[in-house]
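The paragraphs below walk through one protein model, from a sheet to a helix and then to a single loop residue. Keep the structure in view while reading.

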Amino acid sequence: MKITIVGAAGEVTGSAYYVQTKSGSVLVDCGLFQGGRKSEALNRPPTGPKQKLDAVLLTHGHLDHTGRLPLLAKRGHTAPVFATPATIEMTSLILRDSARIQAGDAERRNREARSRLAKPAEPLYTPEHAEAIIQCLKPVPYRQPVAVAPGIEAIWTESGHMLGSGSIQLIVEEDGKRKRVVFSGDLGPRSAPILKEFEPFREADLVFLESTTTAATIVRLSRRLMSSCASSRKPSRGRGRSWCRPLRWAAPNS
Ligand SMILES: [Zn+2]
């Protein structure tokens with residue numbers, strides 16, 4: 001198994017992970033880079049045109065986790081995009097709005113620059129690309145394994161971040177071995193009266209924990225995410241949003 005971080009590394013937007021095994025490959029999230037021209041210049045499809053992609057899995061409907069999806073449609077992607085029902089509703093709204101904003105921005109740039117531009121500015125994607133990827137959205141339940149690609153199952157659990165949000169655990173079978181990889185997505189905020197508490201996982205071989213907060217907060221969140229921690233080692237890497245913990249964790253009751 002190979003996992004490539006293709007967004008939100010060294011900064012806080014553009015969340016995306018590309019997971020490849022010998023039999024299948026999936027993207028976990030496909031977020032838009034935001035925050036100025038330097039970040040926005042990174043808005044390319046997270047996978048290359050010749051790279052296999054069996055499915056996309058969404059943790060939640062925010063733009064920095066979904067906003068590059070229409071770029072996949074622009075390149076002809078038709079495979080499923082799995083998400084909880086509420087995330088599907090939020091993602092549909094957000095992508096339609098994003099496509100409208102992209103079109104408006106390109107129009108404004110062309111109007112302001114007029115003859116100074118060698119060729120007219122084009123929107124990153126159009127409403128047609130957004131509609132095409134919205135057609136690929138497929139609902140998944142919480143807490144039940146879903147076959148998302150050959151040899152890969154996924155389980156969504158509540159992450160307490162927004163309506164429909166979930167952390168995703170991948171169960172990957174390869175070379176006769178089974179590995180569990182957790183992608184936290186955004187967690188919390190805690191104690192918001194309209195949100196549920198995030199649910200811990202009991203077992204994982206590898207955890208990708210997203211946070212924009214301090215290392216101390218990361219360690220505290222990661223312990224809660226896994227419910228019981230077999231190690232007190234600090235997160236292994238991450239100056240931006242994604243933190244990788246190459247640890248074997250198991251709760252007593254797992
Ligand atoms: Zn979010």
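Two strands are said to pair if DSSP finds at least two bridges between them. The model shown here is a predicted one. By that rule of pairing, it contains an open sheet of 6 strands, in the order 1-2-3-4-5-6 and with mixed pairing. At the edges of this sheet are strand 1, residues 2-5, and strand 6, residues 137-139, each of which pairs on one side only. From one strand to the next, the twist averages 25 degrees.

Begin at the edge formed by strand 1. Its partner is strand 2, residues 17-20; the two run antiparallel and 4 bridges join them. Within this pair, Thr4 stands opposite Tyr18 of strand 2.

Towards the other edge, a helix joins the picture. Helix 4, made of residues 85-113, packs on the sheet and touches strand 5 (81-83) and strand 6. The direction of helix 4 makes about 155 degrees with that of strand 6.

Helix 4 also has a part in covering helix 5. Helix 5 spans residues 127-134, and its buried residues are His129, Ala130 and Ile133. These residues lie on the same side of helix 5 because they cover an arc of only 100 degrees around the axis. What covers them includes helix 3 (69-74), strand 5 and helix 4.

Further along the chain, strand 10 and strand 12 form another pairing. Strand 10 holds residues 177-183; it runs parallel to strand 12, and 3 bridges join the two. One of the residues involved is Val181, whose bridge partner in strand 12 is Leu206. Strand 12 itself, residues 206-210, is mostly covered, with 4 of its 5 residues buried.

The last stop is a residue outside the strands. Phe198 lies in the loop that runs between strand 10 and strand 11 (203-204). Is this loop residue, Phe198, buried or exposed? A residue counts as buried if 20 or more other C-beta atoms lie within 10 Å of its own. Phe198 has 23 C-beta neighbours inside 10 Å, and therefore it counts as buried.

Which residues does Phe198 touch, leaving aside those up to four places away in sequence? They are Glu158, Ser159, Gly160, Ser167, Leu187 and Gly188. Gly188 is 10 residues from Phe198 along the chain, and the C-alpha atoms of the two are separated by 6.8 Å.

Methods. Residues numbered from 1 in each chain as written. Predicted model: local features only at pLDDT ≥ 70, side-chain atom pairs only at ≥ 80, totals over all residues. Axes fitted to C-alpha atoms, helices over the stretch in contact; angles between N-to-C directions. Contact = placed C-beta atoms within 7 Å. Buried ≥ 20, exposed ≤ 12 C-beta atoms within 10 Å, placed from the backbone. Arc of directions from axis to C-beta.
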